[in-house]
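Dear colleague,

I am handing over the structure below, and after it you will find an account of what came out of going through it. Please read the two side by side.

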Amino acid sequence: MYLTGSKQHTLDAKVRLTLPAEFRREFDREVCIVPAASALYGFTPEGHKAWVESSFPNGFNPRSAADDKLRRFLNGQTVHVDIDSAGRIALGKIPEKIRKQFGLNQEVVIVGNDDHFEIWNPDRWQESQAAFEQDFDAIMFTED
């Protein structure tokens with residue numbers, strides 16, 4: 001899976017988001033949605049499992065209270081959402097408190113980020129991109 005690009009979308013009256021066709025092709029029938037950082041992240045079930053496991057670079061230790069707490073939190077925040085026949089996911093299944101926290105109202109931006117997609121508030125997305133663009137050259141290029 002390799003998701004790239006960004007597109008602005010409007011949520012419908014039932015708070016459903018139509019996934020871009022190129023994203024839909026990468027998913028079977030289900031998306032795992034997780035609130036993370038400044039956006040909702042969307043993974044395949046397998047991708048979600050790999051993402052959670054990547055939180056434990058030395059492997060998950062079931063006897064570690066910290067490992068158990070983190071895994072429980074990540075899995076507990078995850079909502080499984082079906083992709084309907086029209087290619088939509090029901091963001092209404094995400095608790096309203098979380099949608100408000102991320103500023104996900106009617107307009108959203110969906111961004112491909114390699115192994116997952118992200119759903120952003122358009123203003124927050126623009127702000128994050130503007131801040132990054134100021135540092136792009138320093139991050140991208142090294143001086144020889």
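Strand E1, residues 6–10, is joined to strand E7 by five bridges, and the two run antiparallel. Please keep in mind throughout that this is a predicted model. Within the pairing of E1 and E7, His-9 stands opposite Val-108 in E7, while Lys-7 stands opposite Ile-110 in E7.

E7 itself spans residues 107–113 and is mostly covered, with five of its seven residues buried. Five bridges also join E7 to strand E8, which covers residues 116–120, and this pair runs antiparallel as well; here Val-109 stands opposite Trp-120 in E8. E7 and E8 together form a hairpin that has two residues between the strands, and in that turn Asp-114 has a positive phi of about 65 degrees.

These strands belong to an open sheet of six strands, in which the order is E1-E7-E8-E4-E3-E5 and the pairing is antiparallel. At the edges stand E1 and strand E5, the latter made of residues 79–82, and each has a single partner strand, so one side of each is left without a neighbour in the sheet. On average, and with direction ignored, neighbouring strands of this sheet are turned by 30 degrees against each other. Helix H2 packs on the sheet, where it touches strand E3 (30–36) and strand E4 (39–43), and the direction of H2 makes about 35 degrees with that of E3.

The other point to pass on concerns the helices. Two packed helices are described by the angle between their axes and the distance between the axes. For helix H2 (residues 45–53) and helix H3 (residues 65–77), the axes come within 10 Å and cross at roughly 155 degrees. Angles over 145 degrees count as roughly antiparallel, and H2 and H3 are therefore roughly antiparallel to each other. The crossing in which H2 passes H3 is right-handed.

Which residues make the contact between H2 and H3? On the side of H2 they are His-48, Trp-51 and Val-52, and on the side of H3 they are Arg-71, Leu-74 and Asn-75. By character, the residues of this contact of H2 with H3 divide into three nonpolar, two polar and one charged.

If you would like a place to begin, you could follow E7 in the viewer, with E1 joined to it by five bridges and E8 joined to it by five bridges, and then turn to H2, which touches E3 and E4 of the sheet and has an axis that comes within 10 Å of that of H3.

With best regards

Technical notes
Residues are numbered from 1 along each chain as its sequence is written. This is a predicted model: local features need pLDDT of at least 70, side-chain atom pairs count only at pLDDT 80 or more; totals for chains, interfaces and linings use all residues. Side-chain values use heavy atoms; hydrogens and water are left out. Axes are lines fitted to C-alpha atoms, for helices over the stretch in contact, and angles run from 0 to 180 degrees between N-to-C directions. Helices (H or I, at least four residues) and strands (E, at least two) are DSSP runs, numbered from the N terminus. Angles under 35 degrees count as roughly parallel, over 145 as roughly antiparallel, 65 to 115 as roughly perpendicular and the rest as oblique. A crossing is left-handed if the near helix is turned anticlockwise from the far one by less than a right angle, and right-handed if clockwise. Contact means heavy atoms within 4.5 Å. Ala, Val, Leu, Ile, Met, Phe, Trp, Tyr, Cys and Pro count as nonpolar, Asp, Glu, Lys and Arg as charged, and the others, Gly among them, as polar. Buried means under 20% relative accessible area, exposed over 50%, partly exposed in between (1.4 Å probe, protein chains only). Two strands pair if DSSP finds at least two bridges between them.
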